[in-house]
Amino acid sequence: MSFLWPQFLWLLALLPLLVGLYFWLLRRRSRQALPYAQLALVRQAMGRGAGWRRHVPPALIALALAALMVAAARPVTTLYLPSTQQTIILAMDVSGSMRAEDVQPNRLVASQNAAKAFLAELPRHVKVGIVAFAGSAQVVQPVTLSREDLVAAIDKFQLQRATAIGSAIVVSLAELFPNQGIDVGQMVFNRSSDPFAPKGRAIDQPRSEEKAFTPVAPGSYGSAAIILLTDGQRTTGVDTMEAAKMAADRGVRVYTVGVGTVDGEVIGFEGWSMRVRLDEDTLKEVARTTVGEYFYAGTAEGLRKVYETLSTRLTVEKKETEVAGLLALLAGVLVLGAAGLSLWWFNRVV
């Protein structure tokens, strides 16, 4: 816990003085009761049958004052609160290397099973869309709340050649921002760094009638996130880091998941063979650029645990929150408690 106004904590030094004043008043009351000759009169002056109960209401008042003094210092603490995340895009690699069996039963089936388990754990109000990518990327299931449609889309994955990681990020952004006119083809073939530009306009052509795009802080878009799962290196499509910069400029976090063998292995597919390596450095950089996180899953169980972690990350978030109001509420409850006990036990308010 930290404090925005720590200087007000010095008020706590008044508490010992108040406690001392309280006991001084008790002693003074005892001395005033001594002139009474009869014990019954002494008991009447001290309060009939009070005992330890007479100290409870003042103690509650002292605790209430302490809570108010701490509240005055404006304490800030980290709380785990429900996330505002409303939309998640699963961008999943379906390139030929996903047939490798180093992750049992193979990488593709393991990723399908883990994704379906992830969907089952998500709150029902969270929308999910699915992008499948190999040599190109396409939305195989638009954003929806229907878990059944999402599972059906995952079960229909078909292996293809090549790996277009950057294109997967761009297509995911297009699904999140459908009104921005994204053109992935323009990025791939015209080398445009602005895929949100209208079709047919050169990248250096001024926007006379368009509102200029204003980048936001990376990770600041709290309504959506992208989970990118891949087992290889980019071989075609949009440059991966260029796509990551686009996501960062729109505040969208990209959580990257690397699955398979870091050192790579030779796989065969439709009569050809090649060595596939996991480009961890690029995936880590994508996560860093977008203020997301990188996870490595070398086994099916590891992949399942990664998705469990992501489920927590995306549904619960840590926030630095000022709790002065809670302390003030606690002080109010303590005062009411002190007053209630005093009325109940002594028929008077402290």
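Trainee: In what sense do strand β7 and β10 pair, parallel or antiparallel, and over how many bridges?

Mentor: In this predicted model, strand β7, residues 253-259, pairs with β10 in the parallel sense, and the pairing runs over 4 bridges. Within that pairing, threonine 256 has tyrosine 294 of β10 as its bridge partner.

Trainee: And what's the order of the strands in the open sheet?

Mentor: The open sheet is formed by 6 strands in the order β5-β4-β3-β6-β7-β10, and its pairing is mixed. The edge strands are β5 and β10, the latter covering 294-297, and each of them pairs on one side only. On average, and with direction ignored, neighbouring strands of this sheet are turned by 15 degrees against each other.

Trainee: Which strands does helix α4 touch when it packs on the sheet?

Mentor: Helix α4, residues 107-121, touches β3 (87-93), β4 and β6 (224-230), and the direction of the helix makes about 170 degrees with that of β3.

Trainee: Back to the other edge, then: how are β4 and β5 joined?

Mentor: A hairpin joins β4 to β5 through 3 residues. Strand β4 (residues 127-133) and strand β5 (residues 137-144) pair in the antiparallel sense over 5 bridges, and valine 131 has valine 139 in β5 as its bridge partner.

Trainee: Switching to helices, how do the axes of α4 and α5 cross?

Mentor: The two axes come within 10 Å and cross at roughly 175 degrees, and α4 and α5 are therefore roughly antiparallel to each other. On the α4 side the contact is made by Gln112, Ala115, Lys116 and Leu119, while α5 contributes Arg147, Leu150, Val151, Ile154 and Asp155.

Trainee: What does that contact of α4 with α5 look like by class?

Mentor: By class, the contact of α4 with α5 has 5 nonpolar residues, 1 polar residue and 3 charged residues.

Trainee: What about α6 and α8, are they roughly parallel or antiparallel?

Mentor: The axes of helix α6 (residues 165-176) and helix α8 (residues 240-249) come within 7 Å and cross at roughly 20 degrees, so the two helices are roughly parallel to each other. The crossing in which α6 passes α8 is left-handed. Ile165, Gly166, Ile169, Val170 and Leu173 of α6 make the contact with Thr240, Ala243, Ala244, Met246 and Ala247 of α8. Those residues divide into 8 nonpolar and 2 polar, with no charged residue in the contact of α6 with α8.

Trainee: Any backbone oddities, say, which peptide bond is cis?

Mentor: The bond from glutamine 104 to proline 105 is cis, with omega near -5 degrees, and proline 105 is found in the loop between β3 and α4. I would also look at arginine 74, a residue other than glycine whose phi is positive, near 55 degrees. Arginine 74 lies in the loop between α3 (56-72) and β2 (75-82).

Trainee: Last topic, confidence: where in the chain is it lowest, and where is it highest?

Mentor: Confidence is lowest in helix α2 (residues 39-46), where the mean is 53, and highest in helix α5 (residues 147-155), at 96. For the chain, the mean pLDDT is 80, and 76% of the residues reach 70 or more.

Trainee: And over which residues does pLDDT stay under 50?

Mentor: That is the case over residues 191-211, for which the model nevertheless has 33 contacts beyond four places in sequence.

Key:
Residues numbered from 1 in each chain as written. Predicted model: local features only at pLDDT ≥ 70, side-chain atom pairs only at ≥ 80, totals over all residues. Heavy atoms only, no water. pLDDT = per-residue confidence, 0-100. Contact = heavy atoms within 4.5 Å. Axes fitted to C-alpha atoms, helices over the stretch in contact; angles between N-to-C directions. Parallel < 35°, antiparallel > 145°, perpendicular 65-115°, else oblique. Left-handed = near helix turned anticlockwise from the far one by under 90°. Nonpolar A, V, L, I, M, F, W, Y, C, P; charged D, E, K, R; others polar. Pairing = 2+ DSSP bridges.
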